[in-house]
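Colleague: I'd like a close look at one spot in this model, with enough of the surroundings to make sense of it. Could you walk me through it?

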Amino acid sequence: MLAVIACGHVSPAAAFAQQPGVFHFGFKKSVNGQLPSIDEEGFKGIVTQHGALFLGDTSKKELYLTFDNGYENGYTPGILDVLKEKKVPAAFFVTGHYVKDQAELIKRMAGEGHIVGNHSWSHPDMSLLSEEQIRSELDKVKEQVLSLTGQKEMKYLRPPRGIFNERVLAASKRFGYTNVFWSLAYKDWDVNAQKGSQYAYEQVMKQLHPGAIMLLHSVSKDNADALGSIIDEARRQGYEFKSLDELTGSNSSSGTELLQ
């Protein structure tokens, strides 16, 4: 069962219909603390082969908080405030539009010790691009973030809309990226279908599981309003929030310790 759709732009059926070997990331959701699964989705082999992340260490009650930032809807400053107050690291996957439009927020993310990851320059279906076009999409974001923050490395990629094939994973790996998918998410990206902070809280908490890579969209008012409660309750249940760098054993590229 494809339980989750990234960014809300493409249905799984439509993505699979594009061309053979193209996948739209989805998974069997966690229920009652059980681990989610990609065993039945047809892409586990290439995800594993190319070192893409779906889960962290499932033997530990650790969580990895990530946000997709395609555009700014006014909520990211508040999200950063909550993360700073509660000393929680996060990864923000940004597009070219976001980098051009929100330079100060990019600087703040990096300056407060968060990871700024690559979500491509123009948010295309990268399975339709040549290898050089993929490189261009990624290099533009990396170079612009470098010019804003001094961040010389950009190590993490989230393919736009969760659409990928083996060529996308292989090429981006050659360019130095770890693809980061997710094991916890819900339909949060539709700004016209927000249902309140309690709904967001419940959707996240009912999927909580050890090693979860959490995907939230920063355009969601519900997420922004619920974030503090989500963090507090997860910690009450014994979870710790970790950085993707701790999961992969990488050194932080920001050069700034979290929230000093």
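What is the relative accessible area of Ser120, and is that residue buried or exposed?

Modeller: Ser120 is buried, with a relative accessible area of 0%; buried means under 20%, exposed over 50% and partly exposed in between, using a 1.4 Å probe and protein chains only. Keep in mind that this is a predicted model, where local features need pLDDT of at least 70, side-chain atom pairs count only at pLDDT 80 or more, and totals for chains, interfaces and linings use all residues. Residues are numbered from 1 along each chain as its sequence is written, and side-chain values use heavy atoms, with hydrogens and water left out.

Ser120 sits in the loop between strand 4 and helix 6 (helices, H or I of at least four residues, and strands, E of at least two, are DSSP runs numbered from the N terminus). Its phi is near 85°, positive although Ser120 is not a glycine. His123 belongs to the loop between strand 4 and helix 6 too, and it also has a positive phi, about 60°, without being a glycine. His123 counts as buried, with a relative accessible area of 19%.

Following the chain on, you reach helix 6, residues 131–149. Ile134, Glu137, Leu138, Val141 and Val145 are its buried residues. Looking down the axis, they fall within an arc of 80°, so they line one face of the helix; the arc is taken from the directions from the axis to the C-beta atoms. The face turned away from that buried side carries exposed Glu132 and Ser147. The buried residues pack against several elements, among them strand 3, strand 4 (115–118) and helix 7 (166–174), where contact means heavy atoms within 4.5 Å. Just past the end of helix 6, Gly150 has a positive phi of about 80°.

Strand 3 takes us to the sheet. Strand 3 (residues 91–94) runs parallel to strand 2, joined by four bridges; strands pair if DSSP finds at least two bridges between them. Ala91 in strand 3 is the bridge partner of Thr66. Strand 2 also pairs in parallel with strand 8 (residues 212–217) over six bridges, with Phe67 opposite Leu216. Strand 9 (residues 240–242) is parallel to strand 2 as well, through three bridges, and there Phe241 stands opposite Leu63.

What is strand 2's own surface like? In a regular strand the side chains alternate between the two faces of the sheet. Here both faces are covered: Glu62, Tyr64, Thr66 and Asp68 are buried on one side, and Leu63, Leu65, Phe67 and Asn69 on the other. Eight of the eight residues of strand 2 are buried, so the strand is largely enclosed by the rest of the structure.

Between helix 3 and strand 3, the loop holds Val88, a buried residue at 0% relative accessible area. The C-alpha atoms of Val88 and Lys242 are 7.5 Å apart, although 154 residues separate the two along the chain.

As for trust, the mean pLDDT (the predictor's confidence in each residue, from 0 to 100) is 90, and 89% of residues reach 70 or more. Residues 1–17 stay under 50, with 50 contacts beyond four places in sequence in the model. Residues 252–260 are also below 50, with 25 contacts beyond near neighbours in sequence. Where pLDDT is low, the predicted coordinates should not be read in detail.

Definitions and conventions: The expected span of a helix is 1.5 Å times one less than its number of residues.
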